[in-house]
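Grab a pencil and try a few short exercises on the structure shown here. Each one comes with a worked solution.

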Amino acid sequence: MTPSERRGKLYPVANILSRGEKPKVSRPETRLIAEYVATKFPGQRVAMGVPLGPAIDTGPARLTHGQALAASRPWRPEVDALVWRDGVLLLIEAKIANYVDGLAKLPLYKSLVVTTPELAEWVSWEVRMRLVVPRAKAWIELMAEAAGVEIDLFEPAWISDYYDYRDRYWTKEYRERREEILRLRRELGVE
Amino acid sequence: MVLDNYVTLPEGIPVRLHFVDHAIGDRDVMDPLLGFNKRISVLTLVVDQQDGLAVSKVLSVTSQNLAAQLGAYLSEKVYRGYDFIITRRGAGFNTKYTVMAEPKGR
């Protein structure tokens, strides 16, 4: 018996409100970026979760360069992935839902590359930006063009389950049933 | 005596690893906070090189984040063609990992 079936048996109202079993996808955006770079750049050097920008000012504390970078850990932003290819550093963000967030971050991340100690060796390389999303939206392509960001569509099979589960919440049918249940709860005084 | 059978990832220090095999299984561990036994899923990777030296160790991955980053390379043991340079940053729930996949021999 699945957890949602068990809930439905104990609390019949849960059957009406249920959106179904939550897809077993943990860290979906981490999984999306990892599958993207492994699929699109086989045999090439890639990195995931790359901190950007200089170390923070540690004041009078005498720290080694490595210690200063470690102390800066909570403060340095991280780009989802970085790819080294033919004289180009490709900064990549992957987004499943908040496309605009990914788009907005990339130009800011690009501005930090020249001050990133770990990337000093490649500072003369051209820097490009790419946003990876599963499904196209006309407006994001217009915004990406204005921001100088490439859009690449990448939709692994598991994304459909994830979107279906998430989107059910916004359907008219689901919202109406939910409103009805909440109305009945109020009228019957059931909490 | 230090047996040194497992790869440890010290904070902030990149560790270069080469994997030759992997398995995903359950392991019984004690919750460090509450002291009860629980069963967790673990991605175990067999390591034959660490920082360029031949070794016979395993890397046990319990972090969902690190497992997701390495997960894309598990299919058909694609990881055999790469060195992975893993840098752990932070501890506990705040742990993050930078994972670089570099084609073997570069």
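The exercises below use a predicted model, and they go from one chain to the sheet.

**Exercise 1.** Work out which elements chain B has and in what order they run.

*Solution.* Start by counting: chain B holds one helix and five strands. Now walk from the N terminus, and you meet them as β-β-β-α-β-β. Next, check the overall size. The radius of gyration of chain B is 14 Å, close to the 13 Å that the globule rule gives for 106 residues, so chain B is as compact as a globular protein of that length. Last, look inside: 25% of those 106 residues count as buried.

**Exercise 2.** Find the order of the strands in the open sheet, and explain why one side of each edge strand lacks a neighbour.

*Solution.* First, trace the 10 strands: 5(A)-4(A)-3(A)-2(A)-1(A)-5(B)-4(B)-1(B)-2(B)-3(B), with mixed pairing. Then go to the edges, where you find strand 5 (150-153) of chain A and strand 3 (53-61) of chain B. Each has a single partner strand, so one side of each is left without a neighbour in the sheet. Finally, the twist from one strand to the next averages 30°.

**Exercise 3.** Describe how strands 2 and 3 of chain A pair, and say what packs on the sheet.

*Solution.* Strand 2 (residues 78-85) and strand 3 (residues 88-94) of chain A pair in the antiparallel sense over five bridges. Zoom in on V83(A): opposite it stands L90(A) in strand 3 of chain A. Now add helix 3 (residues 28-40) of chain A, which packs on the sheet and touches strands 1, 2, 3 and 4 of chain A. The direction of helix 3 makes about 145° with that of strand 3 of chain A.

Conventions: Residues are numbered from 1 along each chain as its sequence is written. Chains are lettered from A and ligands numbered from 1 in the order in which they are written. This is a predicted model: local features need pLDDT of at least 70, side-chain atom pairs count only at pLDDT 80 or more; totals for chains, interfaces and linings use all residues. Helices (H or I, at least four residues) and strands (E, at least two) are DSSP runs, numbered from the N terminus. The radius of gyration is taken over C-alpha atoms; the globule rule is 2.2 Å times the number of residues to the power 0.38. A residue is buried if 20 or more other C-beta atoms lie within 10 Å of its own, exposed if 12 or fewer, and partly exposed in between; C-beta atoms are placed from the backbone. Two strands pair if DSSP finds at least two bridges between them. Axes are lines fitted to C-alpha atoms, for helices over the stretch in contact, and angles run from 0 to 180 degrees between N-to-C directions. Two residues are in contact if their C-beta atoms, placed from the backbone, lie within 7 Å.
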